[in-house]
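Let's take a walk through this structure together. Keep the picture open as you read, and turn it whenever a new part comes up.

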Amino acid sequence: MSNVNQHLTHNKNVCEKHLNRYVVIQTNDGQYHDGIVESVDEENVYLAVPFCPGDERAFFPYGGYGYGGFYPRRRFYRRGFPLGGLLALSLLPFFI
């Protein structure tokens, strides 16, 4: 097995071990992303990434959808990252 395949297999196993956990990942380009590991396939890991504070609601002045003109947005959005681009994965504390 080549080093690339070993790297992908290792990253996939680590991500599968941390399914439904709040983690931070570091990519090969030095960026950090935090979120909940939602799923893993042969090529990607998918995180449920939280919205930034202050971006929880939208206002539709003519009623729109929801209650009283306010439509609550989802609190997380799904974002995929290639397994080959992962440098590190660390657990983060998650408090409710």
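What follows goes from the whole chain to its sheet, and then to a few single residues.

First, a word of care: what you are looking at is a predicted model. The protein chain has 96 residues, and 27% of them are buried. It holds 1 helix and 7 strands, and reading from the N terminus you meet them as α-β-β-β-β-β-β-β. The accessible surface adds up to about 7100 Å², with 56% of that belonging to carbon and sulfur atoms. If you take the contacts with a separation of 6 or more, 58% of them link residues that sit 24 or more positions apart.

Now find the sheet. It is an open one with 5 strands in the order 6-3-2-1-7, paired in antiparallel fashion. At the edges you'll see strand 6 (76-82) and strand 7 (86-91), each pairing on one side only. Go from one strand to its neighbour and the direction turns by 45 degrees on average, if you ignore which way the strands run. Helix 1, made of residues 3-17, packs on this sheet and touches strand 2 (32-40), strand 3 (44-50) and strand 7. The helix direction makes about 20 degrees with that of strand 7.

Strand 1 deserves a longer look. On one side, 5 bridges tie strand 1 (residues 22-27) to the antiparallel strand 7, and here Gln26 stands opposite Ala88. Another 5 bridges join strand 1 to strand 2, again antiparallel, with Val24 facing Asp34 as its bridge partner. Why can we call strand 1 largely enclosed by the rest of the structure? Because 6 of its 6 residues are buried. In a regular strand, side chains alternate between the two faces of the sheet. Here Tyr22, Val24 and Gln26 point one way, while Val23, Ile25 and Thr27 point the other, and all are buried.

Strand 1 and strand 2 form a hairpin with 4 residues between the strands, and in this hairpin Gly30 takes a positive phi near 90 degrees.

Next, step back to the loop between helix 1 and strand 1. His18 has its place there, and so does Asn20. Which of the two is buried and which is exposed? With a relative accessible area of 12%, His18 counts as buried, whereas Asn20 is exposed at 64%. Leaving out residues up to four places away in sequence, His18 touches Val23, Val37, Leu89 and Leu91. Most residues other than glycine have a negative phi. Asn20 goes against that habit: its phi is positive, about 65 degrees, although it is not a glycine.

Another loop worth finding lies between strand 6 and strand 7, where Gly85 sits. Gly85 has a relative accessible area of 18%, so it is buried, the cut-off being under 20%. Setting aside neighbours within four places in sequence, Gly85 is in contact with Gln26, Thr27 and Asn28. Compare Gly85 with Asn11: they are 74 residues apart in sequence, and 9.4 Å apart in space from C-alpha to C-alpha.

Last, look at the rings. How many aromatic pairs does the structure hold? The count is 0. Tyr46 does have a charge by its ring, though: the charged end of Arg78 sits over that ring, 4.2 Å from the centre.

Key
Residues numbered from 1 in each chain as written. Predicted model: local features only at pLDDT ≥ 70, side-chain atom pairs only at ≥ 80, totals over all residues. Heavy atoms only, no water. Pairing = 2+ DSSP bridges. Helix = DSSP H or I, 4+ residues; strand = E, 2+ residues; numbered from the N terminus. Axes fitted to C-alpha atoms, helices over the stretch in contact; angles between N-to-C directions. Contact = heavy atoms within 4.5 Å. Buried < 20%, exposed > 50% of the residue type's maximum accessible area, 1.4 Å probe, protein only. Phe/Tyr/Trp six-rings, centres within 6.5 Å; stacked < 30°, edge-to-face > 60°. Lys NZ or Arg CZ within 6 Å of the ring centre and 35° of its normal. Areas by Shrake-Rupley, 256 points an atom, 1.4 Å probe, with all protein chains shown as cover.
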